[in-house]
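Reader: I am new to this one and would like to learn how its labels are earned. Could you take me through a few of them?

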Amino acid sequence: KKNYFVIRMGKIVSRPFPFKHKKFIDYPYSKFKSDFLDIFICANSYFTVSSLTGLDSISYIFKRPILGIQFPLQGVNILNHCTLITLPKFFSKSKSLFLKSSELSQIIQSEKLKNEFDLMSPKILKKYNLIMKGNTKNEIKYAGIDMLKKLKNSKIKSIDQKNFWKQIIDLNYNFKKLSSKKITTVKTNVALSYYKKNRKYLDF
């Protein structure tokens, strides 16, 4: 409705995307699909919406803004590829509630997890009786709206997230170095709408 073309990327997909609109292109089913066009689209998009799939590396290389959906707490260097992000939530079946970031950090440290996907692994989820909850349709939609606002006005202010990011940086590097160089600068932010809605789980 805002007059943008939206392109669903992908090479091997299970079915056509269940949405029809004159401004929506289901690229995996396009007769124009090619390796070159994969790169061209990502290199020239207004912004990319990605869930850490790998193709977003093209957008990052060509300095295109990225909205990262359901990015894990670990890997600040990966998070810094994004302009805005949302995060997954982890539901404890034992406690019947969502865990806070501080509780997740305890798991990460006690298990000495070093890969940004380790917290999401079936082994860890089963051991701690957790369910990873993905973002809702509305959370993703409003994060997209936040991204449009951010790109139109780079000075737009958000809720202060300094304490949250300080804790995340410490979490990434206080048990086993993931990198020889500690990353202390956070270039991304949690999307404002997502941060407001889920602040009680995100704050330490």
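Author: Gladly. The model is a predicted one, and a good place to begin is Asn 3, which counts as exposed at 58% relative accessibility.

Reader: What makes Asn 3 exposed?

Author: Exposed means over 50% relative accessible area. Asn 3 has 58%, so the label exposed applies. Asn 3 sits in the segment before β1, and its phi is near 75°, a positive value in a residue other than glycine.

Reader: And why is Lys 63 called exposed?

Author: By the same kind of reasoning. Its relative accessible area is 70%, and the cut-off is over 50%, so Lys 63 is exposed. Lys 63 lies in the loop between α2 and β4 (66–68), and although it is not a glycine, it has a positive phi of about 60°.

Reader: Now the other label, please. Why does Cys 42 count as buried?

Author: Buried means under 20% relative accessible area. Cys 42 has 5%, so it counts as buried. Cys 82 has a relative accessible area of 4%, so it is buried too.

Reader: How many disulfides does a search of the whole structure find?

Author: Zero. A disulfide would need a pair of cysteine sulfur atoms within 2.5 Å, and the search of the whole structure finds none.

Reader: Which residues of helix α1 are buried?

Author: In α1, residues 35–44, they are Asp 38, Ile 41, Cys 42 and Ala 43. These buried residues pack against β1 (6–8), β3 (48–50) and α2 (56–61).

Reader: Asp 38 carries a charge. How do you know that it has no salt bridge?

Author: A salt bridge needs a side-chain nitrogen of Lys or Arg within 4 Å of a carboxyl oxygen of Asp or Glu. For Asp 38, the nearest side chain of opposite charge is Lys 11, 5.5 Å away, so the buried Asp 38 has no salt bridge. Leaving aside neighbours within four places in sequence, Asp 38 is in contact with Met 9 and Tyr 27.

Reader: Let us turn to the strands. What makes β6 and β8 a pair?

Author: Pairing takes at least two bridges. Strand β6 (residues 89–92) and β8 have four, in the antiparallel sense, so they pair. As one example, Ser 92 has Leu 130 in β8 as its bridge partner.

Reader: Why are β7 and β8 called edge strands?

Author: The open sheet of three strands runs in the order β7-β6-β8, with antiparallel pairing. Both β7 (97–98) and β8 (130–133) pair on one side only, and that makes them the edge strands.

Terms used:
Residues numbered from 1 in each chain as written. Predicted model: local features only at pLDDT ≥ 70, side-chain atom pairs only at ≥ 80, totals over all residues. Heavy atoms only, no water. Buried < 20%, exposed > 50% of the residue type's maximum accessible area, 1.4 Å probe, protein only. Helix = DSSP H or I, 4+ residues; strand = E, 2+ residues; numbered from the N terminus. Contact = heavy atoms within 4.5 Å. Lys, Arg positive; Asp, Glu negative; His and termini not counted.
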